[in-house]
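Open the viewer and keep the selection tool ready. This tour moves from one stop to the next and says what to pick at each.

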Amino acid sequence: MKKNIILEEYKRMQKLAGVINESAQSDELSKEIDKSISKIDDNMSYVDFAHAVANILKSEYGSHLYDKFIDELKSKMIDL
């Protein structure tokens with residue numbers, strides 16, 4: 001019984017460590033994207049930004065991830 005609890009806690013901590021690492025990468029990436037946008041156009045429209053993101057998704061990730069990307073984006077927007 002005690003081993004199961006320890007094992008479950010270990011698994012939970014591993015998942016948490018992955019989330020923290022992912023969050024740090026996301027934070028760093030968002031800062032770099034913001035810097036790049038500022039260099040190109042401080043007043044970039046959301047339309048141009050959306051088109052740029054769509055181009056990256058098409059060329060680098062593939063259509064099989066579109067729905068997952070949109071779902072993740074929506075979930076993160078709700079958290080704000």
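Is Phe 69 buried, partly exposed or exposed? Select Phe 69 and look. This residue counts as partly exposed, because its relative accessibility is 32%, and values from 20% up to 50% fall in that class. The model is predicted, and Phe 69 is the way into it.

**The whole chain**

Zoom out and colour by secondary structure. The protein chain has three helices and zero strands. Read along the sequence, the pattern is α-α-α.

Now show the surface. The chain exposes about 7600 Å². Carbon and sulfur atoms supply 59% of that area. Of the 80 residues, 2% count as buried.

Switch the colouring to pLDDT. The mean for the chain is 81, and 71% of the residues reach 70 or more. Compare the elements next. Helix α1 has the lowest mean pLDDT, 74, while α2 has the highest, 92. Keep one caution in mind: where pLDDT is low, predicted coordinates should not be read in detail.

**Stop one: helix α1**

Select residues 2-40, which make up helix α1. Then pick Lys 35 and Glu 32. They form a salt bridge, and the closest N and O atoms are 3.4 Å apart.

Why can these two side chains reach each other? Lys 35 and Glu 32 are three residues apart in the helix, so about one helical turn separates them. Check the surface at both ends of the pair. Lys 35 is partly exposed, with 48% relative accessibility. Glu 32 is partly exposed too, at 40%.

**Stop two: the loop after α1**

Move to Met 44. This residue sits in the loop between α1 and α2. Its relative accessible area is 24%, so Met 44 is partly exposed. Show its contacts. Leaving out residues up to four places away in sequence, Met 44 touches Ile 37 and Phe 49.

**Stop three: helix α2**

Select residues 46-61, the 16 residues of helix α2. Place a distance between the C-alpha atoms at its two ends: they are 21 Å apart. How far should the helix span at 1.5 Å a residue? The expected value is 22 Å, so the model agrees with it.

Step just past the end of α2 and pick Gly 62. Gly 62 takes a positive phi of about 100°.

**Stop four: helix α3**

Select residues 66-79 for helix α3. Start with Glu 72 and Lys 76. They form a salt bridge, with the closest N and O atoms 4.0 Å apart. Glu 72 and Lys 76 are four residues apart in α3, so they too are separated by about one helical turn. Glu 72 is partly exposed at 41% relative accessibility. Lys 76 is partly exposed at 45%.

A general point fits here: side chains of opposite charge can pair when their charged atoms come close. How many salt bridges does a search of the whole structure find? It finds two.

**Last stop: back to Phe 69**

Return to Phe 69, which lies in helix α3. Add Ile 70, Leu 73 and Met 77 to the selection. Together with Phe 69, these residues form a nonpolar patch on the surface. The accessible area of the patch is about 350 Å².

Now look from Phe 69 towards other parts of the chain. Which residues does Phe 69 touch, not counting those up to four places away in sequence? They are Val 53 and Leu 57. Draw a line from Phe 69 to Leu 57, C-alpha to C-alpha. The two are 12 residues apart in sequence and 8.8 Å apart in space.

Terms used: Residues numbered from 1 in each chain as written. Heavy atoms only, no water. Salt bridge = Lys/Arg side-chain N within 4 Å of Asp/Glu carboxyl O. Buried < 20%, exposed > 50% of the residue type's maximum accessible area, 1.4 Å probe, protein only. Patch = residues over 30% accessible without salt bridge, like charges linked within 9 Å, V, L, I, M, F, W, Y side chains within 5 Å. Areas by Shrake-Rupley, 256 points an atom, 1.4 Å probe, with all protein chains shown as cover. Expected span 1.5 Å × (residues − 1). pLDDT = per-residue confidence, 0-100. Contact = heavy atoms within 4.5 Å.
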